[in-house]
Amino acid sequence: MTFKTFAFAAAAAAITATAGAADTYFEQGRTLDSGDVLELGLITADGAGVLEIYDFHTGQQGRLLGTERLKAGANTNVRVNTGLPVNRDVIAVVNIDGQIAASKSFDVQ
(Lines give C-alpha, C1' and ligand atoms only; values in the text may rest on other atoms or scores of the structure.)
Protein backbone atom coordinates (compact mmCIF):
# COMPACT_ATOMS: atom_id res chain seq x y z
CA MET A 1 0.00 0.00 0.00
CA THR A 2 1.44 3.35 -0.96
CA PHE A 3 1.56 6.29 1.42
CA LYS A 4 -1.08 8.11 -0.66
CA THR A 5 -3.46 5.13 -0.50
CA PHE A 6 -2.84 4.78 3.24
CA ALA A 7 -3.52 8.49 3.84
CA PHE A 8 -6.77 8.30 1.86
CA ALA A 9 -7.92 5.22 3.80
CA ALA A 10 -7.09 6.89 7.12
CA ALA A 11 -8.99 10.04 6.14
CA ALA A 12 -12.03 7.99 5.06
CA ALA A 13 -12.00 6.10 8.36
CA ALA A 14 -11.82 9.35 10.34
CA ILE A 15 -14.76 10.85 8.44
CA THR A 16 -16.82 7.68 8.97
CA ALA A 17 -16.03 7.63 12.69
CA THR A 18 -16.99 11.30 13.05
CA ALA A 19 -20.25 10.83 11.18
CA GLY A 20 -21.15 7.82 13.30
CA ALA A 21 -20.46 9.68 16.54
CA ALA A 22 -22.51 12.74 15.59
CA ASP A 23 -25.67 11.69 17.40
CA THR A 24 -27.10 13.22 20.56
CA TYR A 25 -30.44 11.70 21.48
CA PHE A 26 -32.92 10.63 24.15
CA GLU A 27 -33.99 6.99 24.54
CA GLN A 28 -36.95 7.86 26.81
CA GLY A 29 -40.43 7.85 25.29
CA ARG A 30 -42.65 10.96 25.31
CA THR A 31 -43.98 10.56 28.88
CA LEU A 32 -42.38 11.32 32.27
CA ASP A 33 -43.76 10.72 35.76
CA SER A 34 -44.53 13.90 37.71
CA GLY A 35 -42.43 14.75 40.75
CA ASP A 36 -39.53 16.88 41.89
CA VAL A 37 -37.03 14.47 40.28
CA LEU A 38 -37.57 13.78 36.58
CA GLU A 39 -36.12 10.49 35.36
CA LEU A 40 -35.04 10.68 31.71
CA GLY A 41 -33.24 7.34 31.45
CA LEU A 42 -30.52 7.03 28.78
CA ILE A 43 -29.23 10.11 26.98
CA THR A 44 -26.40 9.78 24.48
CA ALA A 45 -24.32 12.92 23.89
CA ASP A 46 -21.69 13.85 21.30
CA GLY A 47 -19.64 15.62 23.93
CA ALA A 48 -19.70 16.78 27.52
CA GLY A 49 -22.54 19.19 28.09
CA VAL A 50 -25.57 20.10 30.14
CA LEU A 51 -29.13 18.81 30.10
CA GLU A 52 -31.56 21.67 30.74
CA ILE A 53 -35.21 21.11 31.67
CA TYR A 54 -37.67 23.92 30.92
CA ASP A 55 -41.38 24.38 31.51
CA PHE A 56 -43.24 23.70 28.24
CA HIS A 57 -46.92 23.66 29.27
CA THR A 58 -47.82 26.49 26.86
CA GLY A 59 -46.03 24.84 23.94
CA GLN A 60 -43.18 27.33 24.26
CA GLN A 61 -39.96 27.07 26.23
CA GLY A 62 -40.56 28.69 29.59
CA ARG A 63 -38.75 28.89 32.92
CA LEU A 64 -35.63 26.78 33.59
CA LEU A 65 -36.58 24.06 36.09
CA GLY A 66 -33.31 22.18 36.51
CA THR A 67 -30.03 21.04 34.98
CA GLU A 68 -27.79 17.99 34.98
CA ARG A 69 -24.26 17.55 33.62
CA LEU A 70 -23.75 15.03 30.84
CA LYS A 71 -20.55 13.32 29.77
CA ALA A 72 -19.67 12.41 26.20
CA GLY A 73 -21.25 9.09 25.21
CA ALA A 74 -23.96 7.17 27.04
CA ASN A 75 -25.41 8.73 30.19
CA THR A 76 -27.55 6.15 31.98
CA ASN A 77 -30.27 6.79 34.56
CA VAL A 78 -30.25 10.56 34.02
CA ARG A 79 -32.25 12.34 36.71
CA VAL A 80 -32.89 16.05 37.09
CA ASN A 81 -33.85 17.47 40.48
CA THR A 82 -36.18 20.42 39.95
CA GLY A 83 -36.57 21.31 43.62
CA LEU A 84 -40.36 21.44 43.27
CA PRO A 85 -43.02 19.07 41.95
CA VAL A 86 -43.36 19.20 38.17
CA ASN A 87 -46.79 18.24 36.85
CA ARG A 88 -46.82 20.11 33.53
CA ASP A 89 -45.18 19.36 30.20
CA VAL A 90 -41.46 20.04 29.90
CA ILE A 91 -38.84 20.30 27.19
CA ALA A 92 -35.39 18.80 27.67
CA VAL A 93 -32.49 20.48 25.88
CA VAL A 94 -28.96 19.08 25.54
CA ASN A 95 -26.51 21.96 25.32
CA ILE A 96 -22.94 21.17 24.18
CA ASP A 97 -20.41 23.99 23.87
CA GLY A 98 -23.18 26.61 23.82
CA GLN A 99 -25.05 24.85 20.99
CA ILE A 100 -28.32 22.92 21.19
CA ALA A 101 -27.40 19.36 20.23
CA ALA A 102 -30.85 17.84 20.82
CA SER A 103 -34.20 18.65 22.38
CA LYS A 104 -37.35 16.73 23.14
CA SER A 105 -40.70 17.64 24.69
CA PHE A 106 -42.28 15.37 27.29
CA ASP A 107 -45.80 14.96 28.63
CA VAL A 108 -45.62 14.89 32.44
CA GLN A 109 -48.23 12.70 34.10
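Which residues of S7 are buried on one side, and which on the other? Keep that in mind as you read these points on a predicted model.

1. Start with the sheet that holds S7. Five strands make up this open sheet, in the order S2-S8-S7-S4-S5, and the pairing is mixed. Strand S2 (31-32) and strand S5 (64-70) lie at the edges; each has a single partner strand, so one side of each has no neighbour in the sheet.

2. Now look at the partners of S7. Strand S8 (residues 99-108) pairs with strand S7 (residues 90-96) in the antiparallel sense, over seven bridges. You can find two of the matched positions yourself: Val94 has Ala102 in S8 as its bridge partner, and Ile91 stands opposite Ser105 in S8. Strand S4 (residues 49-55) also pairs with S7 in the antiparallel sense, here over six bridges. Asp55 stands opposite Val90 in S7.

3. Here is the reply to the opening question. On one side of S7, Val90, Ala92, Val94 and Ile96 are buried, and on the other side Ile91, Val93 and Asn95 are buried, so both faces are covered. Seven of the seven residues of S7 are buried, which means that the strand is largely enclosed by the rest of the structure.

4. Have a look at the turn as well. The hairpin of S7 and S8 has two residues between the strands, and Asp97 takes a positive phi near 55° there.

5. There is another sheet to trace. Three strands form an open sheet in the order S1-S3-S6, with antiparallel pairing. Strand S1 (25-26) and strand S6 (73-86) are the edge strands, each pairing on one side only. Strand S3 (residues 35-45) pairs with S6 over eight bridges, and Gly41 stands opposite Val78 in S6.

Key
Residues are numbered from 1 along each chain as its sequence is written. This is a predicted model: local features need pLDDT of at least 70, side-chain atom pairs count only at pLDDT 80 or more; totals for chains, interfaces and linings use all residues. Side-chain values use heavy atoms; hydrogens and water are left out. Two strands pair if DSSP finds at least two bridges between them. Helices (H or I, at least four residues) and strands (E, at least two) are DSSP runs, numbered from the N terminus. Buried means under 20% relative accessible area, exposed over 50%, partly exposed in between (1.4 Å probe, protein chains only).
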